[in-house]
Amino acid sequence: MAKPGSEEEWPLETPVVLIENMQKRLGCNEFINVPGRISGPLTVNPIEKKIEAVSESCTFKAATATVVGFAMGAFFGVFTAAIDPNLSGDVTSAKPQTARDIGKEMWSRTKSYGKSFGFIGLAFVGTECSLETYRGKSDIYNSVLSGCAVGGVTGLRAGVIPACVGCAGFAAFSAAIDLYMKG
C-alpha cells in the first residue's frame with residue numbers, strides 16, 4: 001500500500017496524457033488540439049454546421065440588420081418625440097394638445113425613424129455582404145464601398161452634390177467603425 005501523498009498514489013501525468021485520460025473517462029469523441037502534437041480532426045455537429053451556414057448567409061445578416069435598425073430607429077423616434085416641446089401641432093392654436101395627439105406624433109416618428117434606420121441597415125449590410133461574396137475577401141474596402149453606395153443612393157434624392165457628400169460621409173464613417181472594431 002502506498003503512503004498518502006507519494007507518487008505511487010498520485011502519478012504525475014503530462015498535460016497530453018491528462019487530456020487523453022479525461023477524454024477516455026468522459027467518452028468524448030472530439031479531439032482536443034494540443035500544441036506540438038498532431039491530433040485527429042475536430043468533429044462538428046451537423047446541426048452546428050447548419051446554424052453557422054444560416055447565420056453567415058447574406059439574407060440572415062441583412063434581415064438582422066433591418067430588425068436591429070428598425071428597433072434603434074424606433075428608440076430614437078420615441079426619444080426625439082419625447083424631448084420635442086412643439087411636436088407637429090400648430091403652435092399658434094389655442095387648443096391644448098391632448099395625450100392622444102402626443103401619442104399619434106410619437107407613433108408617427110417611431111415608424112418614420114424605424115423605417116429609415118431599418119432601410120439603411122438593410123442596404124448597408126446587404127451591399128457589404130454581396131461585395132464580400134463577390135470579391136471573396138473580408139476587408140475594409142467592402143465597408144467603404146458599401147458605405148459610399150448607401151450614402152450616395154440615400155443622398156441622391158436631394159441632388160448630385162448631396163449624393164457625393166453622403167457617399168463620402170458614409171464611407172468615412174464605415175471606415176472609422178471598421179478600423180475601430182477590428183483594432
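Is Ser143 buried or exposed? In this predicted model, Ser143 is buried, with a relative accessible area of 2%, and the helices around this residue offer a way into the rest of the structure.

The protein chain contains six helices and zero strands, so that its pattern, read along the sequence, is α-α-α-α-α-α. Of the 183 residues in the protein chain, 21% are buried. When contacts between residues at least 6 apart in sequence are considered, 48% of them join residues at least 24 apart.

Ser143 belongs to helix α5, and, once its neighbours within four places in sequence are left aside, Ser143 is in contact with Phe124, Glu128, Ser174 and Asp178. Two of the helix pairs that involve α5 can be followed from here, and a general point helps in reading them: two packed helices are described by the angle between their axes and by the distance between those axes.

The pairing with the following helix may be taken to begin with. Helix α5, residues 140-155, packs with helix α6, residues 160-182, at an angle of about 150°, and their axes lie 7 Å apart. Because angles over 145 degrees count as roughly antiparallel, α5 and α6 are described as roughly antiparallel to each other, and their crossing is right-handed. On the α5 side the contact includes Ile140, Ser143, Val144 and Val150, while on the α6 side it includes Pro162, Phe170, Ser174 and Asp178. The residues of this contact divide into eleven nonpolar, seven polar and one charged.

The pairing of α5 with α4 has another geometry to describe, since here the angle is about 140° and the axes are 9 Å apart. That makes α4 oblique to α5, and the crossing of these two helices is right-handed. Among the residues that meet in this contact are Phe119, Ala123, Phe124 and Glu128 in α4, and Tyr141, Ser143, Leu145 and Val150 in α5. Divided by kind, the residues of the contact of α4 with α5 are eight nonpolar, six polar and three charged.

Helix α4 also packs with helix α3, residues 58-83, and the axes of these two come within 6 Å and cross at roughly 150°. The helices α3 and α4 are therefore roughly antiparallel to each other, and α3 passes α4 in a right-handed crossing. The residues of their contact divide into 16 nonpolar, twelve polar and five charged. One residue of α3 to look at is Ala62, which counts as buried at 9% relative accessibility. Apart from its neighbours within four places in sequence, Ala62 is in contact with Leu122, Val125 and Gly126. Although Ala62 and Phe124 are 62 residues apart along the chain, their C-alpha atoms are separated by 8.3 Å.

Which residues make up the largest nonpolar core? This core has five residues in all, namely Ala65, Ala123, Phe124, Val125 and Val150, and helix α4, residues 99-135, gives the most to it, with three residues. Val150, for its part, is in contact with Ala123, Phe124, Thr127 and Phe170, when its neighbours within four places in sequence are left aside. Val150 takes part in the contact of α5 with α6 and also in the contact of α4 with α5, and Ser143, where this account began, is likewise listed in the contact of α5 with α6 and in that of α4 with α5.

Definitions and conventions: Residues are numbered from 1 along each chain as its sequence is written. This is a predicted model: local features need pLDDT of at least 70, side-chain atom pairs count only at pLDDT 80 or more; totals for chains, interfaces and linings use all residues. Side-chain values use heavy atoms; hydrogens and water are left out. A nonpolar core is a set of buried Ala, Val, Leu, Ile, Met, Phe, Trp, Tyr and Cys residues joined through side-chain atoms within 4.5 Å. Buried means under 20% relative accessible area, exposed over 50%, partly exposed in between (1.4 Å probe, protein chains only). Helices (H or I, at least four residues) and strands (E, at least two) are DSSP runs, numbered from the N terminus. Contact means heavy atoms within 4.5 Å. Axes are lines fitted to C-alpha atoms, for helices over the stretch in contact, and angles run from 0 to 180 degrees between N-to-C directions. Angles under 35 degrees count as roughly parallel, over 145 as roughly antiparallel, 65 to 115 as roughly perpendicular and the rest as oblique. A crossing is left-handed if the near helix is turned anticlockwise from the far one by less than a right angle, and right-handed if clockwise. Ala, Val, Leu, Ile, Met, Phe, Trp, Tyr, Cys and Pro count as nonpolar, Asp, Glu, Lys and Arg as charged, and the others, Gly among them, as polar.
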